[in-house]
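Dear colleague,

I am passing on the structure we spoke about, and I would be grateful if you could look through it alongside the notes underneath.

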Amino acid sequence: MNSLTWKIGKALAIVSIGLIVLLFVFQVQLLEPMYEQSKIATVKRVSDEIVYRLEHEEDWSEELYQISLENDVCIRILGEEPTNMTVGNMGCPLYRINSFELIELISEAQSEGNASLSKDHHWMAPGGEMKSIVYTRILENESQDVVMVYSGISPVDATINTLKKQILYIGGIVILTMALLTLWLNRKIAKPLVEINASAKELSNGNYVQVQNANHYLEAEELNETLIQAAQDIQKADQAKRDLISNVSHDLRTPLTMIQGYGEMMLDLPDENKTENIEVIVQESKRLKYLVNDLLDLSKLQSHQIELHCTKVNLSKLVEEEVKKYLIYQQDGYSISMDIEEDLYSSVDEQRFRQVINNFISNAINYSTNNKEIYVSVKKKDSNIRLEVQDYGQGISKEDLPMIWDRYYKVDKQHIRVQEGSGIGLSIVKEILDLHHAQYGVISEVDQGSTFWVELSIEQ
Ligand code: ADP
């Protein structure tokens with residue numbers, strides 16, 4: 001791949017060479033034919049004007065001189081008096097033309113449909129130095145008047161030679177300017193990019209040294225800022241990864257230590273081979289299984305490996321069923337009440353949505369304090385169904401609120417939970433609700449409690 005400087009240089013060189021060639025073609029090659037064409041057009045136009053006046057106007061012959069002067073032509077009219085005349089520069093060959101030559105021109109015009117353009121007759125430019133043209137037209141009136149318009153064509157060879165020299169100089173100047181421009185653009189455009197690139201190579205290590213240059217153009221500045229942002233994001237992601245590993249290891253170690261401890265104890269002391277101890281091992285193994293399952297679930301959801309299987313579901317019924325599973329906690333002092341509007345349907349993935357409700361309710365139980373009331377409601381709100389799970393527990397502070405949906409974020413790391421929690425429940429909930437395109441959120445105040453809510457569009 002070519003460097004930017006090379007590409008800029010190449011583009012500028014092509015443009016300048018193109019311009020010089022264009023200049024050469026028009027100024028040198030086409031100058032003579034274009035000049036001749038314009039002269040031919042003039043004699044034809046003048047002849048048209050005279051014919052028109054002859055046919056439509058009277059007493060205009062005075063203006064003939066003016067016409068010849070303005071167009072730098074010489075005019076001869078052969079007709080009845082007073083229009084039989086020759087007007088123009090005294091050197092004009094139309095004054096000197098003899099009757100043979102006249103007849104020659106007229107018969108040429110006759111043979112070409114009453115109008116002909118004659119070039120370079122020997123009598124036109126006696127010295128042979130100057131090219132010239134005569135346009136002869138025969139009128140279709142009774143007296144068959146003849147109009148002849150003559151124009152000399154000045155030689156342009158000297159002009160062309162001058163132009164050739166000029167183009168040579170212009171070419172040299174343009175090429176030099178383009179070379180300087182390329183160098184300048186290289187400094188302006190390529191250099192900052194090279195510097196930023198060199199610095200960006202450090203990015204994978206999370207290091208990005210900001211390239212300092214006051215003369216950066218907007219795009220380079222933006223690229224610089226994007227890379228700074230990327231470096232910060234990489235650092236954050238790196239930190240999050242480290243946190244995750246340390247949190248997961250911590251949560252895995254606790255049950256593993258218990259399992260190992262109880263297992264060794266039962267091995268060493270046959271008397272300890274009791275059902276309660278085996279139950280601890282089973283309980284801790286379950287905890288491990290929950291944690292591993294949740295981690296797998298989250299990773300699949302985040303990498304979009306899980307597809308929803310949405311069907312029309314009676315949400316009222318579904319929520320009621322899930323809440324009923326928790327009524328057993330009433331014996332521990334929890335009061336779980338519900339206010340569910342009947343037969344509200346929505347299109348959801350049933351299993352995944354049960355996961356969401358379970359998470360909200362088990363969190364409500366886990367984070368309740370003295371007031372152990374929990375209130376679940378499902379109601380119609382405009383064209384949506386709104387589900388709310390409210391508790392009167394410890395609540396969440398304003399700073400922590402946005403973070404609770406992040407995996408492994410725990411407000412109170414020491415909190416002893418009534419229910420098992422992997423610490424990533426809400427991150428799973430977030431992924432599931434996002435996949436459902438649901439609206440959701442939490443309203444919470446410290447020591448007052450929290451209300452987790454979800455809104456889904458209603459299915460009729
Ligand atoms: P955990 O297993 O820790 O409960 P979650 O992802 O379910 O994990 O919740 C993340 C964090 O959000 C919790 O650690 C807790 O700090 C906070 N949280 C969740 N629900 C509630 C609630 N109802 N009341 C107070 N804090 C809550």
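What follows describes two nonpolar cores and one helix.

Please bear in mind that this is a predicted model, in which local features need pLDDT of at least 70 and side-chain atom pairs count only at pLDDT 80 or more, while totals for chains, interfaces and linings use all residues. Residues are numbered from 1 along each chain as its sequence is written, and side-chain values use heavy atoms, with hydrogens and water left out.

The largest nonpolar core (buried Ala, Val, Leu, Ile, Met, Phe, Trp, Tyr and Cys residues joined through side-chain atoms within 4.5 Å; buried means under 20% relative accessible area with a 1.4 Å probe, protein chains only) has 44 residues, and those with the most contacts inside it are Val319, Phe353, Phe360, Leu387, Phe452 and Val454. Among the elements that give it two or more residues are helix 8 (275–302), helix 10 (350–366) and strand 12 (449–457), and helix 10 gives the most, with 7 residues. Helices (H or I, at least four residues) and strands (E, at least two) are DSSP runs, numbered from the N terminus. A second, separate core of 20 residues includes Trp60, Ile77, Leu139 and Ile153.

In helix 3 (residues 63–71), the buried residues are Leu64, Ile67, Ser68 and Asn71; they fall within an arc of 95° seen down the helix axis (taken from the directions from the axis to the C-beta atoms), so they line one face of the helix. On the other side, Leu69 and Glu70 are exposed, that is, over 50%. Aspartate 72, which follows helix 3, has a positive phi near 55°.

With best wishes
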